[in-house]
Amino acid sequence: MHEGAITSQIVENVLREAEKRKAKSVLEVHLEIGKLMFLNPEQVRFWYQMLTKNTILEGSKLMIEEKEGVVKCPKCGYQGDFKYINDDPAFHVPTPTLNCPKCDGTVEIIGGKECLIKKVKMLI
Ligand SMILES: [Zn+2]
């Protein structure tokens, strides 16, 4: 249901924007989603189709760009990708850890939690 709630907020925002500009229809919506939001893009698409039915967003293309998480280490100043571990057979994908890849200290998350509407193409 996580995806449903977030997608409905996105759809509402795009609709409001389209109404403001008196758009006839919306053609494309570009989203930027941080990987740390743990949203399943397929679920987002599913909800998007459901929620845009009978609105001017119906039939529009949804483009999803996934952004990697970014961490910062207060100890050594490292900034960049997560350190991933993938030696756990229970996970099919590498699991991000909160350990600094350089000094093994605890890092802070500074990126990857965004959920932005980057661009909307509409017919006015
Ligand atoms: Zn460090």
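Q: Which residues is alanine 18 in contact with, leaving aside its neighbours within four places in sequence?
A: In this predicted model, alanine 18 is in contact with Ala23, Val26, Ile56 and Met122. Contact here means C-beta atoms within 7 Å.

Q: What makes Ala18 part of a nonpolar core?
A: A core residue must be buried, and it must be joined to others through C-beta atoms within 7 Å. Ala18 is listed in the largest nonpolar core, so Ala18 meets that rule. This core has 11 residues in all, among them Ile10, Val14, Leu31 and Tyr48.

Q: Which elements give two or more residues to this core?
A: They are α1 (2-20), β1 (25-34) and α2 (41-51).

Q: What does the second, separate core include?
A: It has 5 residues, including Cys73, Phe82, Cys100 and Val107.

Q: How many helices and strands are there in the protein chain, and what pattern does the chain follow?
A: There are 2 helices and 8 strands. Read along the sequence, the pattern is α-β-α-β-β-β-β-β-β-β.

Q: How do you know how the protein chain compares with a compact globule?
A: Set the two radii of gyration side by side. A compact globule of 124 residues would have one near 14 Å, but the protein chain has 18 Å. The chain therefore exceeds the value from the globule rule. The C-alpha trace spans about 55 × 30 × 20 Å along its principal axes.

Q: What share of the 124 residues is buried?
A: Buried residues make up 16%. To count as buried, a residue needs 20 or more other C-beta atoms within 10 Å of its own.

Conventions: Residues numbered from 1 in each chain as written. Predicted model: local features only at pLDDT ≥ 70, side-chain atom pairs only at ≥ 80, totals over all residues. Buried ≥ 20, exposed ≤ 12 C-beta atoms within 10 Å, placed from the backbone. Helix = DSSP H or I, 4+ residues; strand = E, 2+ residues; numbered from the N terminus. Contact = placed C-beta atoms within 7 Å. Rg over C-alpha atoms; globule rule 2.2 N^0.38 Å.
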